[in-house]
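Here is a friendly note to read with the model open beside you. Take it slowly, and look up each residue as you go.

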Amino acid sequence: MNIASVIVDVPASSINQTFDYKIPERFQDVLESGMRVIVPFGPRKIMGFVVGRKAKSAFKGLKNITEVLDITPVLTPELLGLGKWLADETLSLYITSFQAMLPQVLKSQYKKELVKMTEADLSHELEMVFAGRDILPYEEFTGSEISYYQLQKAIHDGDVAVNYLVKSKITKKHVTMIKSSCPMHLLEEAYNDLSKKAKKQREIVAFFIENSEPVELQKFMNEMQTTRSTIKILQDRKLVTTYKVEVLRNPYNDTKFESTIPLRLTDQQQQAITPIKQKIAANEHDVFLVHGVTGSGKTEIYLQAIQDVINKGKEAIVLVPEISLTPQMVRRFKGRFGSNVAVMHSALSSGEKYDEWRRIHRKEVQVVVGARSAIFAPFENLGIIIIDEEHETSYKQEDQPRYHARDVAIHRGEHHHCPVILGSATPTLESYARAQKGVYQLAALDKRTNEKAMPKVEIVDMRNELHAGNRTMFSRSLKDKIEQSMERKEQIVLLLNRRGYSTFVMCRDCGHVKECPHCDIALTYHKNSNQLKCHYCSYEEPMPLNCPECNSDLIRYFGTGTQRVEESLTQLIPEARVIRMDVDTTRRKGAHEKLLNQFANKEADILLGTQMIAKGLDFENVTLVGVLTADSMLHLPDFRSSEKTFQLLTQVSGRAGRHELPGEVIVQTYTPDHYSIELASVYDYNQFYLREMAMRKTFNYPPYVFLALVTVSHQNQIKAVQITQKIVRMLVNHVGEDTVVLGPTPSPIARMKDRYRYQCMVKYKNEPKLRALIKKIIQQFDDEVRKEDLLITVDMQPYQLM
DNA sequence: AGCACGCCGACT
DNA sequence: GTCGGCGTGCTC
């Protein structure tokens, strides 16, 4: 078994296979599957994952593994298998799949350097760049004006060699410790020898006579009121030593978490948790859909189920959507399970993420709470997987591997024979349909734990406002209610559903709209920099003073960004104190939390924001929620737009009156009779489900069919269409009769970064060979992909049709 | 992907 | 002869 099969870090379809390497003697006892290694690959050295060991290889002339990077495997056998499954399922490369399961810092970086191999002088120019050094970073050569030919000659003559390096991104955090470094009697001797004047030194020596344990140097110096210089003297006299130890960064170290005890469950909660507990006890897999209205106490069910799992010595994964991974959320879990919880969150630095990952890897915790990628936590004894807010679109990864965390969760749940819990107030139609069919177990919680009614929702028809001469974005009713709330010193949350609208720039004279020169999309106006920006390719230009078409100076920005709304709000109600939350004000680390704290401390009356304020926030003083444009999402080219609208309205309504004070919701819309708005206002999920299912059936959309989306992009529009056309034809020829193949259709954003994008959609019910078929078809374009900069991407079960 | 190799054409 | 620009094929 002295040969290792390795998946190598080269993301190309022709390399998507294992390569065999000999295991040198010195690694034979230590090398296991799942470890990262450095291997020679052509002239280079690159990283790879060992996926297996064997005694024989069909390949002649194996090379040796150069280096082993891990002491224990970073991928467990289960994760190796999961990675392979994931790659096959999403039509991704094995290496891409493996990398997605690990923290970013475990990715390797590659460098080249030139080494001078001769004592003699190189050519004049080469000597100039080497500048007396023997080793030259390759970029310095590239940055110089010297011809590659010259270097080639020097390499050929053996005067210069190229060194290929694999660098690690890992940075570890260290603290300096101090301890006594001589036997007790010597310390006591030294203490007596010290002059009476050396007060600090005596104190320190006295401390170490009392205390033989090492202590953290920084804390020690603070407590002793001393500095390095004093320590240095004792160090030189060999009485104490300092040394560094590695510590794991702990992002929540300085936060105190009040510990909580299990709450008494309501009858409904009890009914929901009982079958889950049974499955945990029996070590059986099953999927539960917990359909619970906001405030029905889903989290408490999660917490108590996890407690069972911990008691069995097993582990738990809890997924929460990125934006609701707030300190509030973390507090609930850390409050119950203390330091037994790791948190995986995109706001952590890459070093912090790595350290949280290692706490899992080293089995120092039993619970991980995290966003999508936490589903790959390297636990080996999983007892439960929970996906909160199951309907959230952020569980679908939008780049390779395009996986849905729910599918991965169920796959892992089957492997570990443990239950998977999906929780939501507004489940996806897919999940609810499966629960209806009995594929998932349904648990309904339709009562709030505090027995409070859901806040009353008033729908305001904005067309009537216009007719009545109100041209602002605030209906008279909303304005009145805001003022009343403010008088009562209560707080208000205003949601601007920005998607679909943004501040674009248009000329009032000729109607010209400023578009991105590289994408088919209007540029967005950013007030604080006075710039126009493209949200897809990061193109920027200053806001023009005159229209580039007709030179009119009546060029203005339109649409309703949060900035605009804030302005007109303060115009309308000057005394209102407003906190605005959107991507611009929350970009900085910790800004999100800071703004929410301000609001919680009642430093503002109104919290105005985008989607991000719709979820998970819980402020007791909020009694009014206003949705400014409920229908802005409805008109997007997306078959899920009604579902998303319903979900958003239901969620944001849940923000009002969560505690003692009764809540009220005002929904402004131009389409008041749309069923998603009407039914959300009366909290009728079941009716919505029926209506929407009928819709999906009529138009042949999930959950009645599965989707696969192939997108082709190329600089040349005709080329993009032609290739898509070919793909469509090949698909049509090989799929079953019930399967529909659509296209070529321009992608909703038909041009992005100077590339035209066309797509082909497959709608199918049962097509077991579809993945293999698409794979085969794409392979036929491999040559063009390489040579002509053609791009073909496949998304199995797309969430966004962009 | 990223690299070497080899062929070709342009330039001195 | 000298130099640089692609196209091609390979990587255990």
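The points below walk through some places worth finding in this predicted model.

1. **DNA strand C: who comes nearest.** Let's begin with the DNA. Which residues come nearest to DNA strand C? Out of the 16 residues around this strand, they are Asp-20, Pro-40, Lys-63, Ser-147 and Tyr-149. The residues of the surface near DNA strand C include eight nonpolar, three polar and five charged ones. On the DNA side, 50% of the strand C atoms within 4 Å of the protein belong to sugar or phosphate, and the rest belong to bases.

2. **DNA strand C: atom by atom.** Now zoom in on some single atom pairs. A backbone N or O atom of Asp-20 is 2.6 Å from a sugar or linking oxygen of DNA strand C. Pro-40 also uses its backbone: one of its polar backbone atoms is 2.9 Å from a phosphate oxygen of DNA strand C. With Tyr-21, the side chain is involved, as one of its N or O atoms lies 3.3 Å from a phosphate oxygen of DNA strand C. Four elements give two or more residues to the surface near this strand: strand S2 (18-22), strand S3 (36-41), helix H5 (148-156) and H25. Of these, S2 gives the most, with three residues.

3. **DNA strand B.** Turn next to the other strand discussed here. The residues around DNA strand B are Val-10, Ala-12, Ser-14, Pro-43, Arg-44, Lys-112, Tyr-148, Tyr-164 and Arg-786. They divide into five nonpolar, one polar and three charged. Of the strand B atoms within 4 Å of the protein, 68% belong to sugar or phosphate, with the rest in bases. Two tyrosines face phosphate oxygens of DNA strand B: a side-chain N or O atom lies 3.5 Å away for Tyr-148 and 3.2 Å away for Tyr-164. What does the side chain of Arg-786 lie 3.4 Å from? Its partner is a base oxygen of DNA strand B, and the distance runs to an N or O atom of the arginine side chain.

4. **Helix H24 and its buried side.** Find helix H24, residues 770-779, and colour its buried residues: Leu-770, Leu-773, Ile-774, Ile-777 and Ile-778. Why are they on the same side of H24? They span an arc of only 130 degrees around the axis, which places them there. A general rule helps here: an α-helix has 3.6 residues a turn, so residues three or four places apart point the same way. The cover over the buried residues of H24 includes strand S31 (706-714), helix H23 (717-734), strand S33 (755-764), helix H25 (782-787) and strand S34 (791-796).

5. **An annotated stretch and Thr-226.** An unreviewed UniProt entry annotates residues 184-237 as "coiled-coil region". In the model, this stretch is 72% helix and 4% strand, and its end C-alpha atoms are 15 Å apart. Thr-226 sits in the loop between helix H8 (217-224) and helix H9 (228-236). Is Thr-226 buried or exposed? Its relative accessibility is 10%, so it counts as buried. Its side chain makes a polar contact of 3.1 Å with the side chain of Thr-230. Beyond residues up to four places away in sequence, Thr-226 touches Lys-200, Ile-204, Met-221 and Ile-231.

6. **Two buried loop residues.** Asp-631 lies in the loop between strand S29 (622-627) and helix H20 (641-653), and its 5% relative accessibility makes it buried. The side chain of Asp-631 has a polar contact of 2.7 Å with that of Thr-669. His-404 is in the loop between strand S17 (382-387) and helix H14 (405-416), and at 7% relative accessibility His-404 counts as buried too. How many residues apart in sequence are Asp-631 and His-404? They are 227 residues apart, and their C-alpha atoms are 27 Å apart in space.

7. **Val-505.** Finish with Val-505 in strand S22 (residues 504-507). At 1% relative accessibility, Val-505 is buried. Setting aside neighbours within four places in sequence, its contacts include His-512, Leu-523, Tyr-525, Met-543 and Ile-555. Val-505 and Met-543 are 38 residues apart in sequence, with 8.6 Å between their C-alpha atoms.

Technical notes:
Residues numbered from 1 in each chain as written. Chains lettered and ligands numbered in written order. Predicted model: local features only at pLDDT ≥ 70, side-chain atom pairs only at ≥ 80, totals over all residues. Heavy atoms only, no water. Buried < 20%, exposed > 50% of the residue type's maximum accessible area, 1.4 Å probe, protein only. Arc of directions from axis to C-beta. Contact = heavy atoms within 4.5 Å. Near = heavy atom within 4 Å. Polar contact = N/O pair within 3.5 Å; in protein donor to acceptor, adjacent residues only side chain to side chain. Nonpolar A, V, L, I, M, F, W, Y, C, P; charged D, E, K, R; others polar. UniProt positions renumbered as here; feature names shortened; annotations may be inferred.
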